[in-house]
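Colleague: I have a protein and DNA model open, and I would like to learn how to read it. Could you take me through some features one at a time?

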Number of protein chains: 2
Amino acid sequence: MAGRAAVPEVIWARPERTGRGPKPAFTRADIAAAAVRIADAQGLDGVTMRHVAAELGCGTMSLYNYVPRKEDLYELMIDAVGAEHEMFEPTGDWRADMLRNAEETRAIMHRHTWVPRLMPGVFGFSPNTLRYLEHCLACLEPLDVPAGTKTELIALLNGVVTTYTGNEIATAERARAMPWSAEEENAVRMAYLGSQIATGAYPRMTAAFTEQSGPVDLEAVFRRALERILDAFDPDLR
Amino acid sequence: MAGRAAVPEVIWARPERTGRGPKPAFTRADIAAAAVRIADAQGLDGVTMRHVAAELGCGTMSLYNYVPRKEDLYELMIDAVGAEHEMFEPTGDWRADMLRNAEETRAIMHRHTWVPRLMPGVFGFSPNTLRYLEHCLACLEPLDVPAGTKTELIALLNGVVTTYTGNEIATAERARAMPWSAEEENAVRMAYLGSQIATGAYPRMTAAFTEQSGPVDLEAVFRRALERILDAFDPDLR
DNA sequence: AGCGCACTACGTACGCTGTACGTAACTAGG
DNA sequence: CCTAGTTACGTACAGCGTACGTAGTGCGCT
């Protein structure tokens with residue numbers, strides 16, 4: 001009856017230390033940093049409670065004193081890389097500022113390629129997430145639309161950045177970590193795609209594929225997508 | 001040296017049966033259907049090789065005759081639900097047609113709530129994915145832009161649909177499956193958010209939050225996002 | 001016709017995961 | 001000073017993906 005309550009927890013709401021008992025050996029930041037280090041070096045699958053504990057030099061189960069569930073560890077990681085955002089002074093040009101924010105997010109994801117895989121699952125408003133949102137709203141100050149619309153712009157832009165950069169990274173990662181080379185992988189997939197196209201069942205796709213010359217420039221596609229989204233919110237263009 | 005080659009495989013390129021030996025007990029469609037049934041009933045985490053095999057009534061390792069890696073099972077699943085797309089006759093109104101496609105994708109995802117979680121990882125061009133792309137291109141026939149731009153439109157739209165519907169589902173799922181109620185969860189999160197806002201560190205967020213009255217209508221936000229993206233590609237609006 | 005081999009079927013086993021639980025050491029508050 | 005709340009962490013368990021070995025089956029070739 002007086003057992004531990006089955007109550008939801010937001011890790012950010014839980015105090016970092018409580019005063020009684022031995023002093024905690026680590027801070028939350030230590031733990032996040034260790035997990036990020038592992039994820040950067042070995043990929044997200046290397047982030048296990050055992051590995052993080054070993055990286056910190058403590059027993060596996062000691063981690064659970066700081067992080068009640070593994071999911072919370074992920075939340076710590078996302079918050080940690082959120083600190084890498086440069087919260088620059090808004091210039092007054094909201095389009096340029098938001099583009100800069102987007103490019104920076106993309107750069108962070110390329111530094112920490114596990115971020116896009118983690119983003120969808122992480123929901124909480126961590127401290128650095130809140131700081132970033134506030135910064136985006138500051139950049140959007142000159143934009144004369146309701147606050148709700150600004151929120152929608154930020155969400156749409158962030159979603160697209162995550163999706164696109166995630167794709168870029170997935171494409172690049174498939175090369176690494178596989179026992180075969182990127183060329184082989186591509187060759188096999190393209191051979192299959194070619195065989196499908198050759199059946200004539202997909203005439204329009206065939207046209208689209210043969211029309212394009214050379215490999216797709218993913219970065220250019222990304223930037224065009226950003227511009228288009230900004231266009232869609234720009235009152236000067238309607 | 002003459003061991004099994006470490007060569008990439010596209011499951012769709014691998015023939016479904018080869019004529020020699022005993023007849024396979026299942027088709028790929030059987031397996032996909034079983035996996036989808038489990039995922040619908042128990043969630044994606046219920047989809048394990050053991051469970052799928054049990055659902056089919058065969059030994060766990062027999063599954064590996066049909067599906068070399070679990071990842072391929074996921075690809076089968078995505079392809080299976082792709083068959084639920086209605087490939088209607090294009091009306092000539094590309095905006096309306098693409099909106100219909102997007103809404104249908106959203107409906108499919110709400111029927112199979114595990115799809116958004118799986119989408120980012122699945123890369124291959126499965127038969128039904130190809131059919132759907134072809135159908136989208138057919139819908140975009142009246143749109144007078146280069147083929148590459150059409151592809152970008154489709155990708156952007158699909159990405160947004162996945163992201164938004166994934167969010168809708170994640171929000172709804174958090175209520176289920178948790179040992180606490182959605183109200184409790186929300187209360188705790190909102191209490192934390194309120195405490196953060198109360199610090200005054202995020203004035204613009206505070207304004208945005210207090211300005212809005214009532215809960216956010218996620219579906220309306222979704223539809224606005226779609227319209228904006230279509231706007232961005234509409235030559236009649238530039 | 002009959003042999004051989006490619007294929008299906010599947011039990012066992014291994015290394016790994018998240019984490020529940022119990023116990024020992026430690027320190028701040030009453 | 002005592003005691004209650006913490007930290008620390010070893011052990012244990014259920015479950016995962018899948019490598020490997022063996023037995024049975026039936027098509028294709030000689």
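Modeller: Happy to. This is a predicted model, and a single side chain makes a friendly start: N101(A) has 1% relative accessibility, which is under the 20% cut-off, so N101(A) counts as buried.

Colleague: Where does N101(A) sit, and which residues does N101(A) touch?

Modeller: N101(A) belongs to helix α4 of chain A, which covers residues 94-111. Leaving aside residues up to four places away in sequence, N101(A) is in contact with H85(A), F88(A), Y132(A), H135(A), C136(A) and C139(A).

Colleague: Let me zoom out. How many helices and strands does chain A have?

Modeller: There are 10 helices and 0 strands in chain A, and reading along the sequence gives α-α-α-α-α-α-α-α-α-α. Burial and contact separation add to that picture. Of the 238 residues in chain A, 45% are buried. Among contacts in chain A with a separation of 6 or more, 69% join residues 24 or more positions apart.

Colleague: Before I go further, what is the mean pLDDT of chain A?

Modeller: For chain A the mean is 88, with 89% of the residues at 70 or more. Residues 1-6 of chain A are another matter: their pLDDT is below 50, and the stretch has 2 contacts in the model beyond near neighbours in sequence. Where pLDDT is low, the predicted coordinates should not be read in detail.

Colleague: Now the DNA. Which residues come nearest to DNA strand D?

Modeller: A good way in is to list the residues around a strand, then look at individual atom pairs. DNA strand D has 23 residues around it, and the nearest are M61(A), Y66(A), G19(B), R50(B) and K70(B). By class, the surface near DNA strand D has 9 nonpolar, 10 polar and 4 charged residues. Helix α2 of chain B, residues 49-56, contributes the most to this surface, with 3 residues.

Colleague: What part of DNA strand D faces the protein, bases or sugar and phosphate?

Modeller: Sugar or phosphate supplies 55% of the strand D atoms within 4 Å of the protein, and bases supply the rest. Among the atom pairs, a polar side-chain atom of Y66(A) is 2.8 Å from a phosphate oxygen of DNA strand D. T48(B) also places a polar side-chain atom 3.5 Å from a phosphate oxygen of that strand, while G59(A) uses a polar backbone atom, at 3.3 Å from a phosphate oxygen.

Colleague: And which residues come nearest to DNA strand C?

Modeller: Here G19(A), R50(A), K70(A), M61(B) and Y66(B) come nearest, out of 23 residues around DNA strand C. Sugar and phosphate make up 52% of the strand C atoms that come within 4 Å of the protein. The largest share of the surface near DNA strand C is 3 residues from helix α2 of chain A, residues 49-56. That surface divides into 10 nonpolar, 9 polar and 4 charged residues.

Colleague: Which atoms of DNA strand C pair with G59(B), S62(B) and N65(B)?

Modeller: G59(B) has a backbone N or O atom 3.1 Å from a phosphate oxygen of DNA strand C. The side chain of S62(B) has an N or O atom 3.2 Å from a phosphate oxygen. For N65(B), the partner of the side-chain N or O atom is a base nitrogen of DNA strand C, at 3.4 Å.

Colleague: Where does UniProt place the "DNA-binding region" in chain A?

Modeller: The unreviewed UniProt entry puts that feature at residues 48-67 of chain A. In the model this span is 40% helix and 0% strand, and its end C-alpha atoms lie 12 Å apart.

How values were computed
Residues are numbered from 1 along each chain as its sequence is written. Chains are lettered from A and ligands numbered from 1 in the order in which they are written. This is a predicted model: local features need pLDDT of at least 70, side-chain atom pairs count only at pLDDT 80 or more; totals for chains, interfaces and linings use all residues. Side-chain values use heavy atoms; hydrogens and water are left out. A residue is near a molecule or strand if one of its heavy atoms lies within 4 Å of it. A polar contact is a pair of N or O atoms within 3.5 Å; within protein, one must be able to donate a hydrogen and the other to accept it, and residues adjacent in sequence count only if both atoms are side-chain atoms. Helices (H or I, at least four residues) and strands (E, at least two) are DSSP runs, numbered from the N terminus. Ala, Val, Leu, Ile, Met, Phe, Trp, Tyr, Cys and Pro count as nonpolar, Asp, Glu, Lys and Arg as charged, and the others, Gly among them, as polar. UniProt positions are given in the numbering used here, feature names are shortened, and annotations may be inferred rather than shown by experiment. pLDDT is the predictor's confidence in each residue, from 0 to 100. Contact means heavy atoms within 4.5 Å. Buried means under 20% relative accessible area, exposed over 50%, partly exposed in between (1.4 Å probe, protein chains only).
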